[in-house]
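This briefing sets out computed features of one protein structure for use in modelling work. The points are grouped by topic after a short lead.

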Amino acid sequence: MLATLLATAGTDTVAITPLTKADLSGWLDAQPPATAAWVKALNFGAEAGATAYLPGDNGAIARVLVGVSALDDLWAFAGLPSSLPPGNYRIDADLDRRAATRAALGWALGSYRFGRYKASDKTFANLIWPKNADHGEVERAATATYLVRDLVNTPANDLGPAQLAEAAALLAEEFEAGLDVIVGDGLLDRDYPAIHAVGRASPRAPRLIDLRWGHPTHPKVTIVGKGVCFDSGGLDIKPSSAMLMMKKDMGGAAHALALGRMIMMAGLPVRLRVLVPAVENVISGNAFKPMDVLKTRKGLTVEVGNTDAEGRLILCDALAEADSEKPDLIIDFATLTGAARVALGPDLPALLCNDDALANDLLSAGEAENDPLWRLPLWAPYRKGLDSKVADIGNVTSNGFAGAITAGLFLQEFVSKETPWAHLDTYAWNGSARPGRPEGGEALGLRAAYAVIAKRFGKT
């Protein structure tokens with residue numbers, strides 16, 4: 001149960017009345033003259049997110065009016081947990097299943113706080129579960145989003161490859177999943193040379209996290225997440241301004257673990273596999289170098305044009321392993337390119353996909369779930385930019401154009417054409433706070449991906 005969603009109302013529960021601009025006039029007409037005059041004096045116009053407090057006979061708050069754009073807007077009530085006075089509230093409106101579920105989810109997402117390092121006496125307001133809300137859907141999405149936020153917000157000194165593996169171990173224990181973690185030189189012994197090459201310079205050994213759950217006869221769904229726990233850029237070192245946020249470069253791994261959590265929590269009839277290559281890309285005497293040629297699990301050789309394009313190098317080994325089982329679906333998440341952010345900004349993950357039906361499903365789910373994506377093409381003519389004179393492929397182009405697309409084209413080399421595969425290049429961060437979306441780590445594309453998997457494999 002989520003802490004700020006309560007089962008039953010008490011006598012001191014305050015009603016929340018949601019109103020659109022179109023509804024306001026009619027609502028005012030139905031109120032006692034004193035109430036209508038009070039609301040007008042407050043200049044409440046039912047703009048989305050605006051609130052007005054109505055006093056009771058004893059001076060306490062008797063009702064809260066909140067402006068909404070629509071009752072089923074996910075963020076309609078998301079700003080209230082932190083802005084209302086502490087206490088218990090209920091939504092005084094006839095909400096259908098979709099609207100009630102979104103109201104509860106928005107409230108839960110607006111009740112998140114990352115409090116690992118700084119104490120706070122902030123108390124969130126509580127909401128009585130709205131009638132008709134799908135408790136399971138809310139709890140899946142909220143706890144998974146909290147997991148992404150917690151992992152991304154944790155700094156690298158407390159979240160290295162080992163700690164990322166511990167997060168996977170907690171999931172495995174909770175849902176009775178199998179877990180295999182390949183550490184350090186074991187990656188060479190078991191043929192994951194690119195992951196090892198990227199992570200070997202750190203004293204915190206690289207590893208491949210491999211979680212399995214579900215019945216072996218069920219459709220295979222494999223989720224891959226980029227787990228670069230800190231990215232200095234390697235020998236092509238980033239400037240300090242670009243390095244400042246690199247604790248979040250494991251955001252793809254956070255999404256992969258969170259999506260796995262949603263799938264297991266729902267008990268979807270799939271054979272789930274979550275693969276997370278976890279490394280730090282730092283500098284020491286044995287760091288991989290520009291112009292090195294790396295071996296990969298697939299057997300292709302890669303010339304390193306830039307050590308700061310390391311995410312695709314660890315993903316290529318993980319994707320090759322994912323594809324080796326011929327799953328029914330592969331989705332990978334990665335904080336992969338600045339080019340995607342230049343093109344689409346922080347709120348829209350770039351979607352690159354080798355299967356039009358899968359891409360269309362993800363785009364539709366993103367729109368339906370208030371979790372939008374935007375598709376970029378795997379534009380084949382740009383593939384020649386990755387040609388290398390000394391290796392099978394280079395990890396970057398020389399001209400820097402279409403960086404998100406060429407990164408997707410690189411990854412595509414490690415997935416069979418027959419395997420439906422989607423790559424989500426996500427920012428995993430809110431640069432500023434909005435209702436339900438505090439500044440810091442964020443899940444982007446998570447609910448959309450879950451909705452597609454649930455629909456395709458037997459549970460909606």
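A salt bridge is a side-chain nitrogen of Lys or Arg within 4 Å of a carboxyl oxygen of Asp or Glu. By that criterion, aspartate 356 and arginine 375 form a salt bridge through their side chains, at 3.0 Å from N to O. The model is predicted, and a search of the whole structure finds 26 salt bridges.

**Overall architecture**

- The protein chain contains 15 helices and 20 strands.
- For 460 residues, a compact globule would have a radius of gyration near 23 Å, and the 24 Å of the protein chain agrees with this.
- The C-alpha trace of the protein chain spans about 80 × 50 × 40 Å along its principal axes.
- Of the 460 residues in the protein chain, 55% are buried.
- Contacts between residues at least 6 apart in sequence join residues at least 24 apart in 76% of cases.
- About 18900 Å² of the protein chain is exposed, and carbon and sulfur atoms supply 52% of this area.

**Salt bridges**

- Aspartate 356 lies in helix α13 (residues 356-368) and arginine 375 in strand β16 (residues 374-375), so their salt bridge ties together parts that are 19 residues apart in sequence.
- Arginine 375 counts as partly exposed, at 28% relative accessibility.
- Asp210, Arg212, Arg273, Arg297, Glu321 and Glu325 are joined into one network by salt bridges that share partners.
- Aspartate 347 and arginine 434 form a salt bridge in which the closest N and O atoms are 3.3 Å apart.
- This pair links distant parts of the chain, 87 residues apart: aspartate 347 is in the loop between α12 (338-344) and β15 (350-353), and arginine 434 is in the loop between β19 (429-430) and β20 (440-441).
- Aspartate 347 is partly exposed at a relative accessible area of 35%, and arginine 434 counts as partly exposed at 32% relative accessibility.
- A salt bridge also joins the side chains of arginine 116 and aspartate 158 (3.8 Å, N to O).
- Arginine 116 is in the loop between α4 (97-109) and β6 (126-128) and aspartate 158 in the loop between α5 (135-153) and α6 (161-175), so the pair ties together parts that are 42 residues apart in sequence.

**Helix α1**

- Leu24, Trp27 and Leu28 are buried in helix α1 (residues 21-29).
- These residues lie on the same side of α1 because they cover an arc of only 95° around the axis.
- Ala22 and Asp29 are exposed on the other side of α1.
- The buried residues of α1 pack against β2 (14-19), α2 (33-41), β3 (51-55) and β4 (61-67).

**Loop residues and backbone angles**

- Most residues other than glycine have a negative phi.
- Lysine 326 is not a glycine, yet its phi is positive at about 50°; lysine 326 is in the loop between α11 (311-324) and β14 (329-334) and counts as exposed at 52% relative accessibility.
- Alanine 402 also has a positive phi, near 50°; alanine 402 is in the loop between β17 (393-394) and α14 (403-412) and counts as partly exposed at 27% relative accessibility.
- Alanine 76, in the loop between β4 and α3 (80-83), counts as buried at 9% relative accessibility.
- Beyond neighbours within four places in sequence, alanine 76 is in contact with Val66, Val68 and Ala70.

**Nonpolar surface patch**

- Leu235, Ile237 and Ile283 form a nonpolar patch on the surface, with about 250 Å² of accessible area together.
- Isoleucine 237 is located in the loop between β10 (227-231) and α9 (240-243).

How values were computed:
Residues numbered from 1 in each chain as written. Predicted model: local features only at pLDDT ≥ 70, side-chain atom pairs only at ≥ 80, totals over all residues. Heavy atoms only, no water. Patch = residues over 30% accessible without salt bridge, like charges linked within 9 Å, V, L, I, M, F, W, Y side chains within 5 Å. Areas by Shrake-Rupley, 256 points an atom, 1.4 Å probe, with all protein chains shown as cover. Helix = DSSP H or I, 4+ residues; strand = E, 2+ residues; numbered from the N terminus. Rg over C-alpha atoms; globule rule 2.2 N^0.38 Å. Buried < 20%, exposed > 50% of the residue type's maximum accessible area, 1.4 Å probe, protein only. Contact = heavy atoms within 4.5 Å. Arc of directions from axis to C-beta.
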